[in-house]
Amino acid sequence: MRFLLTEAAQAAVRWDPDWRRRFVHLAMRRNRRIAKVAMARKLAVSLYWMWRKGFDYPQTLQFGSRAGSRSRVQRARLFAS
């Protein structure tokens, strides 16, 4: 599974400028191999939330992975009262 996710993440890095920017930033801070695995994990999390919410990729780009969720402040207020 890790191999397939890293291959898919490499393709996403080549295709999407935002993913490319994040990969290059990570690769400069860490090792290139670590950056590949980190991008694969980011892809896996993104795929999970797309599946969970029933979004397709353009909807995920538009709303993000945290669309509709409460912020940390809102949750704190909810539990404080």
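Colleague: How many helices and strands does the secondary structure of the chain come to?

Modeller: This is a predicted model, in which local features need pLDDT of at least 70, side-chain atom pairs count only at pLDDT 80 or more, and totals for chains, interfaces and linings use all residues. Residues are numbered from 1 along each chain as its sequence is written, and side-chain values use heavy atoms, with hydrogens and water left out. Helices (H or I, at least four residues) and strands (E, at least two) are DSSP runs, numbered from the N terminus. On that count, the chain has five helices and zero strands.

Colleague: Which helix gives the most to the largest nonpolar core?

Modeller: A nonpolar core is a set of buried Ala, Val, Leu, Ile, Met, Phe, Trp, Tyr and Cys residues joined through side-chain atoms within 4.5 Å, where buried means under 20% relative accessible area (1.4 Å probe, protein chains only). The largest one has nine residues, including Trp-19, Phe-23 and Met-39. At least two of its residues come from each of α1 (2–15), α2 (17–29) and α3 (32–53). The greatest contribution, four residues, is from α3.

Colleague: Is Val-45 buried, partly exposed or exposed?

Modeller: Val-45 lies in helix α3. Exposed means over 50% relative accessible area, and partly exposed covers the range between under 20% and over 50%. Because its relative accessibility is 35%, Val-45 counts as partly exposed.
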